[in-house]
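Colleague: Could you walk me through this model and explain the words you use for it?
Modeller: Gladly; let's put it up on the screen.

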Amino acid sequence: MEERITILEAVKREFDCADIDIRTYSPLTLAYIGDAIYDLVIRTIVVERANTSPNKLHHKTVGYVNARIQAQMIEALMEELTQEEIAVYKRGRNAKSFTTAKNATVLEYRKATGFEALCGYLYLTGKQERMLALIKKAVGLVGMKI
């Protein structure tokens, strides 16, 4: 039987990445990888549900991958989060970023950064199932249909 490994495990194995204490990562580093992994999750769902033109795929994806929606998602999830997850979210939300979103308020952008930091943290700690469960729950809680 074939061994099943996560993308994270495969990347670490193939590129000989060292294990680093996740607590040393800045919240903006967690948000950086979290943004990418969240985007990958949403793009995967969109592609699996509709084999169509890249332009249509992009427009569908943008409906889920934006600061305003991510801020709504994390607000809806707060009661679902563990104390550890809330702490990670708050570190990301409170991080001093030098960029802002085009179509969101500063508060929405900061909440979205916290959401992305949480996704990055869960991904890098090997808790992809938890990350996916939270994303699925959040999509439902904000009333979106992917």
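Modeller: To start with the surface, the protein chain exposes about 9500 Å², and carbon and sulfur atoms supply 55% of that area. Please keep in mind that this is a predicted model.

Colleague: Thanks! What makes the radius of gyration of the protein chain agree with a compact globule?
Modeller: For 146 residues, a compact globule would have a radius of gyration near 15 Å, and the protein chain has 15 Å, so the two agree. Along the principal axes, the C-alpha atoms fill a box of roughly 40 × 40 × 30 Å.

Colleague: And which elements build the protein chain?
Modeller: The run from the N terminus is α-α-α-α-α-α-α, with 7 helices and 0 strands. Of the contacts between residues at least 6 apart in sequence, 71% join residues at least 24 apart.

Colleague: Let's turn to the aromatic rings. How many aromatic pairs are there?
Modeller: The count comes to 1 aromatic pair. Tyr 38 and Phe 115 form it, at 5.2 Å centre to centre and with 85° between the planes.

Colleague: Why is the pair of Tyr 38 and Phe 115 called edge-to-face?
Modeller: Ring centres must lie within 6.5 Å to pair, and planes over 60 degrees apart count as edge-to-face. With 5.2 Å and 85°, Tyr 38 and Phe 115 fit that description.

Colleague: Why do you say that this pair ties together parts that are apart in sequence?
Modeller: Tyr 38 lies in helix 2 and Phe 115 in helix 6 (residues 106-124), so the pair links parts 77 residues apart in sequence.

Colleague: Are Tyr 38 and Phe 115 buried or exposed?
Modeller: Buried means under 20% relative accessible area. Tyr 38 has 0%, so Tyr 38 counts as buried, and Phe 115 is buried too, at 2%. In the protein chain, buried residues make up 34% of the 146 residues.

Colleague: How do you know that Glu 85 counts as buried?
Modeller: The relative accessibility of Glu 85 is 6%, so Glu 85 counts as buried by the cut-off of under 20%. Glu 85 sits in helix 5 (residues 83-94). Leaving aside residues up to four places away in sequence, Glu 85 touches Glu 80, Leu 118, Leu 122, Arg 130 and Leu 134.

Colleague: One last point: why is Leu 40 called partly exposed?
Modeller: Partly exposed lies between the buried limit of 20% and the exposed limit of 50%. Leu 40 has 42%, so partly exposed is the right term. Leu 40 belongs to helix 2 (residues 27-49), and together with Ile 7, Val 11 and Phe 15 makes a nonpolar surface patch of about 400 Å².

Key. Residues numbered from 1 in each chain as written. Predicted model: local features only at pLDDT ≥ 70, side-chain atom pairs only at ≥ 80, totals over all residues. Heavy atoms only, no water. Patch = residues over 30% accessible without salt bridge, like charges linked within 9 Å, V, L, I, M, F, W, Y side chains within 5 Å. Areas by Shrake-Rupley, 256 points an atom, 1.4 Å probe, with all protein chains shown as cover. Salt bridge = Lys/Arg side-chain N within 4 Å of Asp/Glu carboxyl O. Helix = DSSP H or I, 4+ residues; strand = E, 2+ residues; numbered from the N terminus. Buried < 20%, exposed > 50% of the residue type's maximum accessible area, 1.4 Å probe, protein only. Contact = heavy atoms within 4.5 Å. Rg over C-alpha atoms; globule rule 2.2 N^0.38 Å. Phe/Tyr/Trp six-rings, centres within 6.5 Å; stacked < 30°, edge-to-face > 60°.
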